[in-house]
There are 2 protein chains.
Amino acid sequence: MQSSSSTSSLSFNRIVVCGVGLIGGSFALALKQAGVVKQIVGLGRRRETLQRAQSLGIIDTMGDASAVAGADLVLIAAPVAQTEALLRELAPYLQVGTVVTDAGSTKSDVVQAARAALGDKIAQFVPGHPIAGREQNGPEAALADLYRGKKVVITALPENNPNDIAKVASAWQHCGALIHHLSAEEHDAIFAAVSHLPHMLAYALVSDIASRDNADRLFQYAASGFRDFTRIAGSSPEMWRDISLANRHALLAELDAYTAQLASLRAMLINADGAGLEQIYARAQSARQAWIATIEAAEQARAHDQGGD
Amino acid sequence: MQSSSSTSSLSFNRIVVCGVGLIGGSFALALKQAGVVKQIVGLGRRRETLQRAQSLGIIDTMGDASAVAGADLVLIAAPVAQTEALLRELAPYLQVGTVVTDAGSTKSDVVQAARAALGDKIAQFVPGHPIAGREQNGPEAALADLYRGKKVVITALPENNPNDIAKVASAWQHCGALIHHLSAEEHDAIFAAVSHLPHMLAYALVSDIASRDNADRLFQYAASGFRDFTRIAGSSPEMWRDISLANRHALLAELDAYTAQLASLRAMLINADGAGLEQIYARAQSARQAWIATIEAAEQARAHDQGGD
């Protein structure tokens with residue numbers, strides 16, 4: 001389900017961003033550029049990172065958990081495994097009227113962590129996931145237009161107030177994002193298939209090749225197809241360890257479906273079943289071509305809406 | 001083993017190109033641009049394709065198998081499964097002094113086909129594989145600089161004369177390519193790992209997702225990581241069916257090694273073994289980063305050699 005693309009006119013007095021790297025930093029920069037926030041306070045484990053974010057104009061000031069008191073909106077932009085500990089720190093300062101959201105790549109575990117940490121304040125937590133990224137990390141990688149034209153999935157809780165959901169949606173819309181709504185379970189099943197499994201498959205291939213005695217020779221002959229296929233194996237091992245574990249039930253289901261697909265391809269190879277192989281390959285090719293055509297049409301429509309071409 | 005990068009000064013009176021699409025057409029265009037060939041004759045199943053190649057200036061004239069008589073060099077640039085039938089057609093016209101090479105993505109099967117088709121003329125066949133391509137096909141996709149800075153692997157036969165090998169190497173060097181030498185078996189084992197298996201894995205993922213009831217919704221949330229991972233699943237199903245079958249023994253060995261890697265990742269997920277997952281992911285990330293650094297250093301060195309930067 002996709003919301004209307006009309007941008008809300010809500011604006012914000014104070015926003016707290018926990019984690020001022022690529023994801024949190026880009027959110028802050030976009031809201032500043034949109035002119036919809038008076039003050040952005042940065043929180044983080046490392047003072048040096050916060051100082052860099054401040055000198056880059058990403059945040060106005062550094063703070064601690066107490067900065068949450070009286071804030072309009074709090075974004076948790078830290079590794080998903082830290083969500084519960086972070087929310088426990090913030091909970092004592094969380095007042096009525098403040099909405100907390102997050103940017104985690106998995107949602108069922110984040111919701112579980114939030115319930116444990118926030119208790120009867122859970123209604124103030126509106127889970128979210130911006131579908132955007134770059135290979136670089138840290139405040140220096142933050143971009144005001146990182147979220148422009150990208151999807152943000154909100155996995156609202158039954159306890160959430162519609163106005164609080166609208167507040168989170170509004171902030172992301174000010175970043176140029178398109179709001180989608182899913183349940184946490186739907187979200188995790190979908191991203192296990194189209195994101196988490198592909199990351200695991202790419203890591204598995206590169207790791208397998210790197211472990212061979214003739215790894216250097218194999219890499220020497222790897223070309224552009226291998227380069228694209230394995231680009232996501234350049235992602236942060238810590239982040240993807242956390243995502244793999246956080247979403248392991250859905251990921252296991254996808255891995256088993258995929259392994260079954262490989263087993264049938266293996267049987268086709270053994271039986272020299274060219275027609276069978278071609279059928280699988282052709283289904284993949286035509287599905288991918290249709291998908292790319294859909295993406296390109298959407299991009300053109302957006303460029304047109306923005307007066308570009 | 002990589003040959004010296006010095007370009008030979010050999011030139012050619014007549015070259016015959018069987019298959020005037022992306023691969024054969026780019027070879028022809030590059031040799032014309034280098035000014036090292038007097039006449040290029042195009043052969044192919046479809047007269048209409050040959051006419052387009054001629055009007056694009058890729059070939060000088062169309063011919064049939066008899067054009068091979070007296071040619072300096074013949075390139076077979078057709079799907080690998082057609083190699084034997086093509087060589088059988090050409091064999092009666094193959095005179096002493098003519099060298100035949102090919103551009104097939106697999107080599108052991110091509111060598112077997114050539115031995116069957118050429119008999120005691122096998123010494124005239126020098127197998128090759130240019131490591132270059134695009135997603136487009138046909139004469140219109142051909143580019144004079146497709147092979148510039150790319151590898152061409154020559155898998156010479158024990159019967160080949162060194163001068164004939166040098167002639168094939170010289171033609172590719174005139175296209176700007178870097179010559180490597182491997183045995184057919186080494187070639188097929190290497191490309192099973194770094195090219196054929198990744199293609200099969202990408203096809204398997206897209207095909208699996210496309211077969212689901214909620215395929216549209218899954219594709220809706222697929223993002224840039226999925227796009228890169230699956231780019232090679234946009235390749236020709238017929239071509240990759242042929243390659244999969246032609247190299248199925250090496251491909252099966254790679255598929256089994258990969259499936260074993262997935263089985264150990266599965267066990268780590270089940271046991272919530274974060275340290276184990278992170279170790280695999282980190283090995284992949286660091287191997288990939290080292291590989292990319294090597295590629296970029298080589299590209300810079302080449303740009304420097306060419307007076308660019």
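**View 1. Contact between the two domains of chain A in the predicted model.** In this predicted model, 14 residues of domain 1 of chain A are in contact with eleven residues of domain 2 of chain A (two residues are in contact if their C-beta atoms, placed from the backbone, lie within 7 Å). The side of domain 1 that touches domain 2 of chain A is made up of five nonpolar, six polar and three charged residues. Here Ala, Val, Leu, Ile, Met, Phe, Trp, Tyr, Cys and Pro count as nonpolar, Asp, Glu, Lys and Arg as charged, and the others, Gly among them, as polar. Domain 1 spans 12-182 and domain 2 spans 187-272 of chain A, with bounds from an automatic or database domain assignment. Taken over C-alpha atoms, the centres of the two domains of chain A are separated by 30 Å. Residues are numbered from 1 along each chain as its sequence is written, and chains are lettered from A, and ligands numbered from 1, in the order in which they are written. Local features need pLDDT of at least 70 and side-chain atom pairs count only at pLDDT 80 or more, whereas totals for chains, interfaces and linings use all residues.

**View 2. The side of chain A that touches chain B.** Contacts link 67 residues of chain A with 66 residues of chain B. The elements giving two or more residues to this side of chain A are helix 6 (184-210), helix 7 (215-221), helix 8 (224-229), helix 9 (237-246), helix 10 (248-270) and helix 11 (274-305). Helices (H or I, at least four residues) and strands (E, at least two) are DSSP runs, numbered from the N terminus. Helix 6 of chain A provides the largest share, 17 residues. By class, this side of chain A holds 44 nonpolar, eleven polar and twelve charged residues.

**View 3. The relation between chain A and chain B.** A turn of 180° with a shift of 0.0 Å along the axis lays chain A on chain B with an RMSD of 0.0 Å. That is the relation of a two-fold axis. Copies are superposed by least squares on the C-alpha atoms of residues with pLDDT of at least 70 in both. Of the residues of chain A, A:Phe229 comes closest to the rotation axis, at 2.0 Å (C-alpha).

**View 4. The open sheet of chain B.** Six strands form an open sheet in the order 3-2-1-4-5-6, with parallel pairing (two strands pair if DSSP finds at least two bridges between them). Strand 3 (61-62) and strand 6 (125-126) of chain B stand at the edges, each with a single partner strand, so one side of each lacks a neighbour in the sheet.
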